[in-house]
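Subject: Structure for you to look at

Hello,

Here is the structure we talked about, with its sequence. Please open it and keep it beside you while you read the notes that follow.

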Amino acid sequence: MKINCFIPFQSTNQVKETIASLRESTLVNKIYLLADSGCKESVDGCEAIDIDSLRSTATIKKIASKADAEYTLIYTKSADLRLGMFALDRMLQIAKDSGAGLVYADHYQIANNEKKNNPVIAYQKGSLRDDFNFGSVLIYKSKELKKAAAKMDAEYKFAGLYDLRLKVSQEAELVHINEYLYSEIENDTRKSGEKIFDYVDPKNRDMQIEMEQACTDHLKRIGAYLAPQFKKVEFDKADFKYEASVIIPVRNRIRTISDAIKSVLSQKTNFKFNLIVVDNYSTDGTTEAIGKFSSDERLVHVIPENKELGIGGCWNAGVHHPECGKFAVQLDSDDVYSDENTLQKIVDAFYAQNCAMVVGTYMLTDFDMKMIPPGIIDHKEWTPENGRNNALRINGLGAPRAFYTPVLREIKVPNTSYGEDYALGLYFSREYQIGRIYDVLYLCRRWDDNSDASLDIVKMNAHNTYKDRIRTWEVEARIALNMSK
């Protein structure tokens, strides 16, 4: 078995350690340097290839044309790569034994001169995020790489590498090797809570449009694409005492729960509404803080009998409460509505857009509710025609979220404390249109006690694995739905 290696090239000094590491293996056949046309330097024994960017379709096709060894390694970083002892032997052995189209491995990351374990996760049918973390060493079976490149009929500037991975996955397995086989330098040292909004940053819009196109094409090829045809929502399924109920699940949020309750009770509407606070056995004084509002008959303070509820389970307790209104509207216990018109706007959107779920726009703030970067999260990538397909690529749909209660009672909320809202969005969008509001309705406070402010790699992997499972189930359901038509 032999392997051709393709590495980004900026200067001789930048690649010398990586090349030295690769040349330690007898399996390496050729090393190609991926350089822009302005680069004048060269390295003995390596062939330079002019590229526009590492992630373009044109670059992938050039790599495919040079992939004359059994396997092809693409290194996606410019910093030094340090391979472990016999790392390539191990990766190629597993690639051969498994018949994989792509193998990738756990590895070490070096940031600020500190070496840390960086385990990655197994690839699933629903691992459609374009930012899925494979690490920086990708080893493709050249036959599958060439086959995928031949199917590329769109010329992407940013989505070429993503498109390659999707097309390879249509024909072969993408195999995770849960062994630490190399070290990579990591220069992005932001906290997890700062990275998760990159895909909605306006400066990345052109890239996101391409990623959506590549994902939509993939869904069409595997039979999971849904055309823009939706069930009509009938809003007279049942009689409700209240038009809307705001539901706040809470556990130990003494610092913020009063602000959240006040922002609901100050809403001005032309309909009756109430507030259902599901108090999940708080121990820090939150229960007593909720009790201070008991004189307002609109407040329903629920302490569920079941003591094994996550956030989703608390939502079920609120939604199935006899006092729940026709529309169930979300507010997290950390956060507040932007003004007293939020609830009216949400309910109006249900009728105006004939949808079973509404998603608004929020602004990130610090604890004192002053805006912090990236500011307004509006998810304007959503389109009524393709939003539910693109939802399988991104990791969230936005906030605040609201649901037509009869449908939500049928579906029920997953009893988790992460991803339950995303699961609902995918499920609702399978049959119903999701309405959008692009006014800022919600102030989302980011502070140290937030559940996703700064997660370690183990927790991030658990979250991403669960969301990939959600997507896998949804992809399979959509394929079955299309086959039944």
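**Two helices side by side**

Helix α14 (residues 420-431) packs against helix α15 (residues 457-484) at an angle of about 10°, and their axes are 10 Å apart. Because angles under 35 degrees count as roughly parallel, α14 is described as roughly parallel to α15. On the α14 side, the residues in contact are Tyr422, Ala423, Leu426, Tyr427, Ser429 and Arg430. They meet Lys467, Ile470, Arg471, Glu474, Ala477, Arg478 and Leu481 in α15. Please keep in mind throughout that this is a predicted model.

**A covered helix**

α14 also has a part in covering another helix, α10 (residues 311-319). How many of the nine residues of α10 are buried? Seven are, so the helix is mostly covered, taking buried to mean under 20% relative accessible area. The buried ones are Gly312, Gly313, Cys314, Trp315, Asn316, Gly318 and Val319. Besides α14, the elements that cover them include β10 (244-250), β11, β13 (327-330), β17 (401-404) and α13 (405-411).

**Strands near the start of the chain**

Strand β1 (residues 3-8) and strand β2 (residues 28-35) pair in the parallel sense, over six bridges. One pair of bridge partners is Cys5 and Ile31, the latter in β2. Together with helix α1, these two strands make a right-handed β-α-β unit. β2 pairs with β3 as well, again in the parallel sense, over four bridges. In that pairing, Leu33 stands opposite Ala48 of β3. β2 is mostly covered, with six of its eight residues buried.

Two residues of α1 (residues 12-23) can be looked at in turn. Is Ser21 buried or exposed? Ser21 has a relative accessible area of 11%, so it is buried. Leaving out residues up to four places away in sequence, Ser21 touches Leu81, Arg82 and Leu83. Glu17, also in α1, has 44% relative accessibility and therefore counts as partly exposed. With the same neighbours in sequence left out, Glu17 touches Asp80 and Leu81. Its C-alpha atom is separated by 30 Å from that of Val168, a residue 151 places away along the chain.

**Another β-α-β unit**

Strand β11 (residues 273-279) and strand β12 (residues 299-302) pair in the parallel sense over four bridges. Val277 stands opposite His301 in β12. With helix α9 (residues 286-291), β11 and β12 make a right-handed β-α-β unit.

**Salt bridges**

How many salt bridges are there? The count comes to 26. Three of them are described here.

The salt bridge between Lys66 and Glu47 has its closest N and O atoms 2.8 Å apart. This pair links distant parts of the chain, since Lys66 is in helix α2 (residues 57-66) and Glu47 is in strand β3 (residues 47-50), 19 residues apart. Lys66 counts as partly exposed, at 28% relative accessibility. Glu47 also counts as partly exposed, at 35%.

Asp259 and Arg445 form a salt bridge in which the closest N and O atoms are 3.2 Å apart. Asp259 lies in helix α8 (residues 257-265) and Arg445 in strand β18 (residues 434-445), so this bridge ties together parts that are 186 residues apart in sequence. The two residues fall in separate classes of accessibility: Asp259 is partly exposed, with a relative accessible area of 30%, while Arg445 counts as buried, at 2%.

The salt bridge between Arg221 and Asp217 lies within one helix, α7 (residues 205-222). Its closest N and O atoms are 2.8 Å apart. Why can two residues of one helix be partners here? Arg221 and Asp217 are four residues apart in α7, and are therefore separated by about one helical turn. An α-helix has 3.6 residues a turn, so residues three or four places apart point the same way. Arg221 is partly exposed, with a relative accessible area of 35%. Both residues also belong to a network of salt bridges that links Asp153, Asp163, Lys167, Asp217 and Arg221.

Regards

Conventions: Residues numbered from 1 in each chain as written. Predicted model: local features only at pLDDT ≥ 70, side-chain atom pairs only at ≥ 80, totals over all residues. Heavy atoms only, no water. Pairing = 2+ DSSP bridges. Right-handed = clockwise from strand over helix to strand, strands pointing away. Salt bridge = Lys/Arg side-chain N within 4 Å of Asp/Glu carboxyl O. Buried < 20%, exposed > 50% of the residue type's maximum accessible area, 1.4 Å probe, protein only. Axes fitted to C-alpha atoms, helices over the stretch in contact; angles between N-to-C directions. Parallel < 35°, antiparallel > 145°, perpendicular 65-115°, else oblique. Contact = heavy atoms within 4.5 Å.
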